[in-house]
2 protein chains.
Amino acid sequence: MNIGEAAKASGISRKMIRYYEEIALLEPGRTANGYRVYTPQDVHTLRFIGAARRLGFPVPDVKALLALWQDRSRSSADVKRLTDGHITALRARVAEMNAMIGTLETLAGACDGDERPDCPIINAIAAHEPGSQRG
Amino acid sequence: MNIGEAAKASGISRKMIRYYEEIALLEPGRTANGYRVYTPQDVHTLRFIGAARRLGFPVPDVKALLALWQDRSRSSADVKRLTDGHITALRARVAEMNAMIGTLETLAGACDGDERPDCPIINAIAAHEPGSQRG
DNA sequence: CGTCAACCTTACCATGATGGGAGGGTCAAG
DNA sequence: CTTGACCCTCCCATCATGGTAAGGTTGACG
């Protein structure tokens with residue numbers, strides 16, 4: 001099938017399918033006129049990529065996952081290690097954002113939100129407090 | 001003072017100071033030879049920008065915050081509205097990531113992580129389960 | 001005054017993942 | 001032979017940040 005059909009079948013945009021090829025996540029065949037041709041197995045690979053991306057794996061991780069998926073002699077330990085690393089990274093980002101949310105909520109809670117200029121939010125930022133309030 | 005000194009005084013890199021100028025967050029003066037010159041007030045602005053960025057405000061929001069900060073007739077309601085919008089965006093991203101983490105933890109918990117190839121994580125991704133129903 | 005280091009300038013490239021568009025080739029149907 | 005829906009490659013933009021290259025300025029030291 002052509003790229004358009006593969007895009008519909010996999011839920012991955014034509015643009016991204018070409019990008020994944022560029023970074024060697026898959027290598028579709030070509031017809032004589034240069035058109036990419038995709039097998040059902042290619043579509044399966046594309047769907048695998050989509051699923052991994054929806055779980056937040058960065059593309060290099062997806063590449064590793066793909067290699068593991070296609071390696072019948074893989075160790076589940078390798079998959080788990082990759083996953084645990086990703087979970088750790090995700091938790092770190094969530095923690096960062098939760099810290100921001102906490103500070104922001106406190107500040108917003110103290111702000112009257114009326115027509116007057118006095119604002120603890122602006123004041124805190126101007127005092128350079130956020131980000132150094134822990135220390 | 002020159003850009004290097006302003007960078008040290010504000011904690012913002014030279015690169016980013018030039019970038020913030022490019023997107024019109026501040027406009028330093030110039031000496032006859034073309035060197036940028038920064039006043040203590042400019043450094044204050046730079047520190048304000050850094051503080052807002054550390055709270056996760058995207059640069060366009062920082063620009064708005066800066067305008068509000070410099071507007072003595074501002075309404076604190078405007079500041080609060082901006083902040084609330086940012087909190088909402090942050091919470092949405094955290095919720096997304098927490099959903100990923102939840103799925104990932106369940107999968108990783110079911111994976112033996114040994115030398116055998118059987119792996120619920122790979123299986124789930126290959127089944128296109130995560131993130132959406134099967135298709 | 002010459003030289004060298006440490007500044008400064010602009011301009012371009014790269015990131016990660018994605019989308020948009022231009023300009024041009026191909027194919028199937030009418 | 002035309003039309004429209006495909007396909008191709010290449011370039012540009014995002015967002016915030018860092019890097020590098022090539023060149024100008026300054027200040028200190030000899």
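B:Arg116 is a good place to begin, and at 41% relative accessibility this residue counts as partly exposed. Its partner is B:Asp114: the two side chains meet in a salt bridge, with N and O 2.7 Å apart. B:Asp114 has a relative accessible area of 19%, and because the cut-off for buried is under 20%, B:Asp114 is classed as buried. Keep in mind as you look around that this is a predicted model.

Why can such a pair form at all? Side chains of opposite charge can pair when their charged atoms come close. Over all chains, the structure holds twelve salt bridges.

Let us move to chain A, where some of these contacts join up. A:Glu21, A:Arg30 and A:Arg36 are linked in a network of salt bridges. Take the links one at a time. A:Glu21 meets A:Arg30 through their side chains, at 3.3 Å from N to O. A:Glu21 also forms a salt bridge with A:Arg36, and here the closest N and O atoms are 2.5 Å apart. Now find the two ends of that second link in the fold: A:Glu21 sits in helix α2 of chain A, while A:Arg36 belongs to strand β2 (residues 36–37), so the pair ties together parts that are 15 residues apart in sequence.

Are the members of this network buried or exposed? Both A:Glu21 and A:Arg36 are buried, with A:Glu21 at 17% relative accessibility. A:Arg30 is partly exposed, and its relative accessible area is 46%.

With helix α2 in view, step back and follow chain A as a whole. Its secondary structure comes to six helices and two strands. If you trace the chain along the sequence, you will meet these elements in the pattern α-α-β-β-α-α-α-α. How spread out is chain A? Its radius of gyration is 23 Å, well over the 14 Å that the globule rule gives for 135 residues, so chain A is more spread out than a compact globule. You can picture the C-alpha atoms of chain A filling a box of roughly 70 × 40 × 20 Å along the principal axes. Of the 135 residues in chain A, 44% are buried.

Distances between chosen residues help you get a feel for this arrangement. Start in the segment before α1 (3–10) of chain A, where you will find A:Asn2. A:Asn2 is partly exposed, with a relative accessible area of 37%. From A:Asn2 to A:Arg53 there are 51 residues along the chain, and their C-alpha atoms are separated by 23 Å. Next, go to helix α6 (residues 120–126) of chain A, which contains A:Ala124. A:Ala124 is buried, having a relative accessible area of 5%. Its C-alpha atom lies 33 Å from that of A:Ile87, a residue 37 positions away in sequence.

Chain B offers another pair to look at. B:Leu65 is part of helix α4 (residues 59–69) of chain B. With a relative accessible area of 0%, B:Leu65 is buried. B:Leu65 and B:Ile49 are 16 residues apart along the chain, and 8.9 Å separates their C-alpha atoms.

Return now to helix α2 of chain A, this time to look at its surface. Which residues form a positive patch there? The patch is made by A:Lys8, A:Arg14, A:Lys15 and A:Arg18. Helix α2 (residues 14–22) of chain A gives the largest share, three residues. One resident of this helix is A:Lys15. A:Lys15 is exposed, with a relative accessible area of 64%.

Our last stop is a detail of the backbone. A:Ala24 lies in the loop between α2 and β1 (29–30) of chain A. Although A:Ala24 is not a glycine, its phi is positive, at about 65 degrees. A:Ala24 is exposed, with a relative accessible area of 51%; the cut-off for exposed is over 50%. Look in chain B as well: B:Ala24 is found in the loop between α2 (14–22) and β1 (29–30) of chain B. Phi of B:Ala24 is near 65 degrees, again a positive value in a residue other than glycine.

Technical notes. Residues are numbered from 1 along each chain as its sequence is written. Chains are lettered from A and ligands numbered from 1 in the order in which they are written. This is a predicted model: local features need pLDDT of at least 70, side-chain atom pairs count only at pLDDT 80 or more; totals for chains, interfaces and linings use all residues. Side-chain values use heavy atoms; hydrogens and water are left out. Patches are made of residues with over 30% relative accessible area and no salt bridge: like charges are joined within 9 Å, nonpolar side chains (Val, Leu, Ile, Met, Phe, Trp, Tyr) within 5 Å. Accessible areas come from the Shrake-Rupley method with a 1.4 Å probe; for residues, only the protein chains shown count as cover. A salt bridge is a side-chain nitrogen of Lys or Arg within 4 Å of a carboxyl oxygen of Asp or Glu. Lys and Arg count as positive and Asp and Glu as negative; His and the chain ends are not counted. The place of a charge is taken as NZ of Lys, CZ of Arg, CG of Asp or CD of Glu. Helices (H or I, at least four residues) and strands (E, at least two) are DSSP runs, numbered from the N terminus. Buried means under 20% relative accessible area, exposed over 50%, partly exposed in between (1.4 Å probe, protein chains only). The radius of gyration is taken over C-alpha atoms; the globule rule is 2.2 Å times the number of residues to the power 0.38.
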